[in-house]
Amino acid sequence: MSMEYSVPIYWRNRVNYYKLIGGRCKKCGRVFFPPQSRCPYCSSDNVEPVSLPRIGRLLSYTVSYNPPEGYKLQTPLIIGLIDLGETRIIAQLTDVSLEEISEGIEVEAVVRKIREDRTAGLIHYGYKFRPVISH
Amino acid sequence: MGVYVKSYGMTKLGRSYNKSLYDLVFDALSDMEGLDKPDMIIVSTVFTAATIGQLDIASKITEIAGFKGVPAIRVETGETSGHNSVLMAFRLLAGGMYDNILVIGAEKMTEFVAARMYKEISKVFDSEYESYMGVGHASLHALAMKEYMKRYGKTHKELAYWPALMHKNAADNPYAALRFPVDQDSVVKANVISDPITLLDSYPLVDGAGALLLTRSPNSALAEVKYAYSSTDVKPVTHKEDLLDLPAARRVYSKIKNENGLDLSVDLYDVTDQFTITPYLILESIGIAERGKSVDMANQGVFDRDGEIPINVTGGLKARGHPFGATGVYQIAELSGILSGTFQIQIPETKEAMIIGVNGLGSNASGILLGRR
Ligand SMILES: [Zn+2]
């Protein structure tokens with residue numbers, strides 16, 4: 001059996017995953033996620049990495065009862081569309097029950113296990129968002 | 001010099017446990033009339049590297065087809081693979097490079113459990129930031145569907161006119177996978193896949209193979225391929241300016257319209273409708289419907305078989321089935337058959353038909369304009 005996900009790909013992306021690094025275009029000024037070496041809006045290659053805010057607003061979400069293989073233990077999976085101000089991100093929501101969730105709530109990024117690669121004995125981490133706990 | 005569809009062949013879509021991909025290709029080719037040795041073979045398939053573990057599958061399929069020695073390549077652009085295969089064939093033929101090209105679309109989507117296929121399918125979106133995070137094909141379309149319903153104040157039941165119509169249209173398509181009727185209420189009440197998308201808002205996983213012989217000779221051809229065009233757009237969904245807009249589809253439609261006269265009178269359309277939301281997004285992006293109005297038009301019967309603008313008259317991806325790499329080939333085969341009066345479904349007076357295929361939420365779009373020979 002081969003590994004499902006490449007270790008080098010994961011290794012290269014891990015900082016983007018953990019620190020929520022997006023891209024900022026120095027030509028048109030727009031911010032985007034995921035980051036890449038060319039601006040998706042004006043196609044300039046004059047882009048720089050930018051740390052995205054870790055707190056955003058939940059614009060919308062869907063509850064997935066038939067997710068792709070590898071996410072069974074986390075089912076149902078809640079997938080959120082989150083507004084981070086200058087850009088948006090699509091990510092899993094965590095630490096929240098279906099009753100507690102609603103559009104418009106504040107959510108914050110956390111590092112969580114995304115999936116396990118049992119054949120390789122690896123655990124892959126990434127970003128998820130959870131409701132901001134108000135005190 | 002024109003380009004023509006000389007012949008087509010297909011297998012009935014569904015689960016074929018006792019047939020391999022190659023058996024299905026063999027059956028589809030046996031279903032064709034007047035198949036002589038082509039100058040080239042273009043194979044359209046998306047998942048075969050994962051599902052049956054074969055690379056350079058074009059050569060193996062060419063051997064099965066009985067045309068050993070003929071040059072063969074594979075085209076893969078996700079859900080638009082079949083459309084883009086025909087586009088490549090169209091360009092090569094129109095440019096006079098070849099006289100006959102055989103396009104074969106084939107997919108085997110029931111070799112593994114559904115969850116495994118869902119993982120493969122999720123890769124039509126950005127694999128490192130969307131599929132890696134567990135975000136599936138249905139979930140991204142679910143976010144678009146929710147946004148649409150919110151922005152335009154439409155209900156799930158109103159949107160469900162589409163899948164109900166597709167099941168009705170598939171009833172007399174002998175190649176269709178889902179030939180039973182469903183009503184709008186049962187679509188809404190079916191098991192939820194990724195809310196609001198239910199099982200009946202979604203396409204079935206099927207096996208199937210289809211083939212088209214394209215030629216430069218109009219003699220005894222079924223239909224003319226009048227034009228073909230394709231375009232691309234951003235890959236990650238979060239790079240899109242608007243979740244509900246498909247600029248690549250709009251570019252394809254405008255180009256085909258402009259190149260063929262502004263009074264283009266298309267009688268039939270066939271568009272990607274793997275989920276209930278998708279055809280509405282396409283129709284509004286290309287301008288057949290105003291923003292937020294396509295659902296009302298559907299409910300008024302405009303897109304019915306006997307309506308003003310018939311769309312997906314053979315059941316769509318929704319009910320015919322969506323064998324990814326083969327889907328475009330099925331659409332073009334069925335519409336060629338309707339234009340020539342040889343298909344089991346007859347739409348009299350059809351002169352022009354347009355197919356618009358879209359991958360995911362618009363990263364690739366491809367359009368084919370067919371006319372009567
Ligand atoms: Zn830019």
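Two residues are in contact here when heavy atoms of theirs lie within 4.5 Å. Keep that in mind for what follows, and also that this is a predicted model.

Let's start with B:His239, which sits in the loop between S8 and helix H11 (247-259) of chain B. Counting contacts but skipping residues up to four places away in sequence, B:His239 touches A:Phe32, A:Phe33, A:Pro34, A:Gln36, A:Pro40, A:Tyr41 and B:Val234. One of those neighbours does something extra: the backbone oxygen of A:Pro34 lies 2.8 Å from a polar atom of the B:His239 side chain. Is this histidine buried or exposed? Its relative accessibility is 2%, so B:His239 counts as buried, the cut-off being under 20%.

Now step over to chain A as a whole. Its secondary structure comes to one helix and eight strands, and along the sequence the pattern reads α-β-β-β-β-β-β-β-β. The C-alpha trace spans about 45 × 45 × 25 Å along its principal axes. Of the 135 residues in chain A, 43% count as buried. If you take the contacts in chain A between residues at least 6 apart in sequence, 49% of them join residues at least 24 apart.

The helix of chain A, H1, covers residues 7-19. From first C-alpha to last, its 13 residues reach 18 Å, close to the 18 Å expected at 1.5 Å a residue. Still, H1(A) bends by about 50 degrees, and the place to look is A:Asn13. At the start of the helix, a side-chain oxygen of A:Ser6 comes to within 3.0 Å of the backbone nitrogen of A:Ile9. Just after the helix, A:Leu20 takes a positive phi of about 55 degrees.

What does H1(A) bury, and what covers it? The buried residues are A:Tyr10, A:Asn13, A:Asn16 and A:Tyr17, so A:Asn13 turns up both here and at the bend. Their cover includes strand S1 (21-25) and strand S8 (122-131) of chain A, together with helix H6 (127-131) of chain B. The two tyrosines also belong to a ring cluster, in which ring pairs link A:Tyr10, A:Tyr17, A:Phe33, A:Tyr127, B:Tyr129 and B:Tyr132. You've met A:Phe33 already, among the residues that B:His239 touches. Back on the helix, A:Arg14 lies over the face of A:Trp11, at 3.7 Å from the ring centre. Chain B has an arrangement of this kind too, with B:Lys60 over the face of B:Tyr22 at 4.6 Å from the ring centre.

Aromatic pairs deserve a wider look: how many does the whole structure hold? A search over all chains finds 16. Among them is B:Phe90 with B:Tyr227, an edge-to-face pair at 6.4 Å centre to centre with 65 degrees between the planes. B:Phe90 lies in helix H4 (residues 81-94) of chain B and B:Tyr227 in strand S8 (residues 223-232) of that chain, so the pair ties together parts that are 137 residues apart in sequence. B:Phe90 counts as buried at 7% relative accessibility, and B:Tyr227 does at 13%.

Another edge-to-face pair is B:Tyr203 with B:Phe275, at 5.5 Å centre to centre and 70 degrees between the planes. Here the partners come from loops: B:Tyr203 from the one between strand S6 (197-198) and strand S7 (207-215) of chain B, B:Phe275 from the one between strand S9 (268-271) and helix H12 (277-286) of chain B, so parts 72 residues apart in sequence are tied together. Both B:Tyr203 and B:Phe275 are buried.

Note on methods:
Residues are numbered from 1 along each chain as its sequence is written. Chains are lettered from A and ligands numbered from 1 in the order in which they are written. This is a predicted model: local features need pLDDT of at least 70, side-chain atom pairs count only at pLDDT 80 or more; totals for chains, interfaces and linings use all residues. Side-chain values use heavy atoms; hydrogens and water are left out. Helices (H or I, at least four residues) and strands (E, at least two) are DSSP runs, numbered from the N terminus. The expected span of a helix is 1.5 Å times one less than its number of residues. The bend at a residue is the angle between axes fitted to the seven residues ending there and the seven starting there. Buried means under 20% relative accessible area, exposed over 50%, partly exposed in between (1.4 Å probe, protein chains only). A polar contact is a pair of N or O atoms within 3.5 Å; within protein, one must be able to donate a hydrogen and the other to accept it, and residues adjacent in sequence count only if both atoms are side-chain atoms. Rings of Phe, Tyr and Trp (its six-membered ring) pair if their centres lie within 6.5 Å; planes under 30 degrees apart count as stacked, over 60 as edge-to-face and the rest as tilted. A charge sits over a ring if NZ of Lys or CZ of Arg is within 6 Å of the ring centre and within 35 degrees of the ring normal.
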